[in-house]
Amino acid sequence: MASPFTEVEVPSPDASTRVVKVTNPDRVYFPDLGITKLDLVEYYLSVGEGIVNALWERPCMLHRFPKGLAGEKVHQKRLPGGAPEWVETVELFFPRWKRTADELCVTELASVIWAVQMSTVEFHPWNSRRADTEAPDEWRIDLDPGPDCDWQTVRRVAAVTRDLLDELGIRGYPKTSGGSGLHVYVRIPPMPFADLRRAAYAFACEVERRAPDDVTTAWWRKDRDPAQLFVDYNQNTRDHTIAAAYSVRGVPEATVSAPVTWEEIGTCEPGDFTVRTMPTRFAEIGDLHASIDDVAHDISVLGEWADRDEANGKE
């Protein structure tokens, strides 16, 4: 017997529409909340402009849950089979395995909806784009709390991060991680991954100097105080990805990685932003990251900080 399905019309860039066939629309993906595949489709439609902006022309790994959260989670680099011809991809080479993979490369909302039809819950893009996948144009500051680190600590470190960016004349765009942490994105001119990671490490070390009780940059997890926050500079390494702005997270609460204002960080909680609350929020305030591409910030000063730190004996 054929699977039940519904057809969803999605606006396309040329002002026409794409029709995406959504099979098993009533399959429950979040058992605790009763959220179905069709609910996920409708969520991503409601934040369409935001999710497309976050993924635009970036290689994107998919976190798929073919049976919902109760089943297995699949981390998928290669585009699932059976994609319509209008779903675009970008070829990546992975030296470790000496293989290539064609990853999803979003240029329109229908590609997002098709991926959800293929059981995708989370979207994890690279911080580079397909024009030059080896030169990221997005610096990601990942404020990653340890298991005993509370949200108030995240707030304090976010304030230090903002102050430091302000001193540098750099605008950062914060968002919740959808978990217990916070991300700050900065648009930069494209540069090699190694240079960006080195700059990101220098910045993390400065945050640590300013908030030594709250922050660690220790490489190994075993060397970190679980009550401290790790400024994870490693997220700027090649093939390291984190959930995009507006991506749903595969957790029972159906939280979302939500763009926020700096002022909101002092009053919001990570659980405020979910599949059920974000559509209204987006309709009211739009995409808080809409202007992120307006200015690409020069971060060469961070290279100078790295030179200084190395001269002082830091590896």
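Rings of Phe, Tyr and Trp, the last represented by its six-membered ring, are taken to pair if their centres lie within 6.5 Å. In this predicted model, a search of the whole structure yields 10 aromatic pairs.

One of these pairs is formed by tyrosine 44 and phenylalanine 123, with a centre-to-centre distance of 5.3 Å and an angle of 80° between the planes, an edge-to-face arrangement. The two residues belong to distant parts of the chain: tyrosine 44 is located in helix H1 (residues 37-46) and phenylalanine 123 in strand E9 (residues 120-125), 79 residues apart. Both tyrosine 44 and phenylalanine 123 are buried.

Tryptophan 219 and tryptophan 220 also form a pair; their ring centres are 6.2 Å apart and their planes lie at 80°, so the arrangement is edge-to-face. The angle meets the criterion because planes over 60 degrees apart count as edge-to-face. As for solvent accessibility, tryptophan 219 is partly exposed, with a relative accessible area of 43%. Tryptophan 220 has a relative accessible area of 54% and is therefore classed as exposed, the cut-off being over 50%.

Aromatic residues are also found in a cluster, which consists of Phe94, Trp97, Trp126 and Phe193.

Contacts between charged groups and aromatic rings were examined as well. The charged end of lysine 21 is placed over the ring of phenylalanine 5, at 4.3 Å from the ring centre. In a further case, the ring of phenylalanine 230 has the charged end of arginine 224 over it, 3.6 Å from its centre.

Note on methods
Residues numbered from 1 in each chain as written. Predicted model: local features only at pLDDT ≥ 70, side-chain atom pairs only at ≥ 80, totals over all residues. Heavy atoms only, no water. Phe/Tyr/Trp six-rings, centres within 6.5 Å; stacked < 30°, edge-to-face > 60°. Helix = DSSP H or I, 4+ residues; strand = E, 2+ residues; numbered from the N terminus. Buried < 20%, exposed > 50% of the residue type's maximum accessible area, 1.4 Å probe, protein only. Lys NZ or Arg CZ within 6 Å of the ring centre and 35° of its normal.
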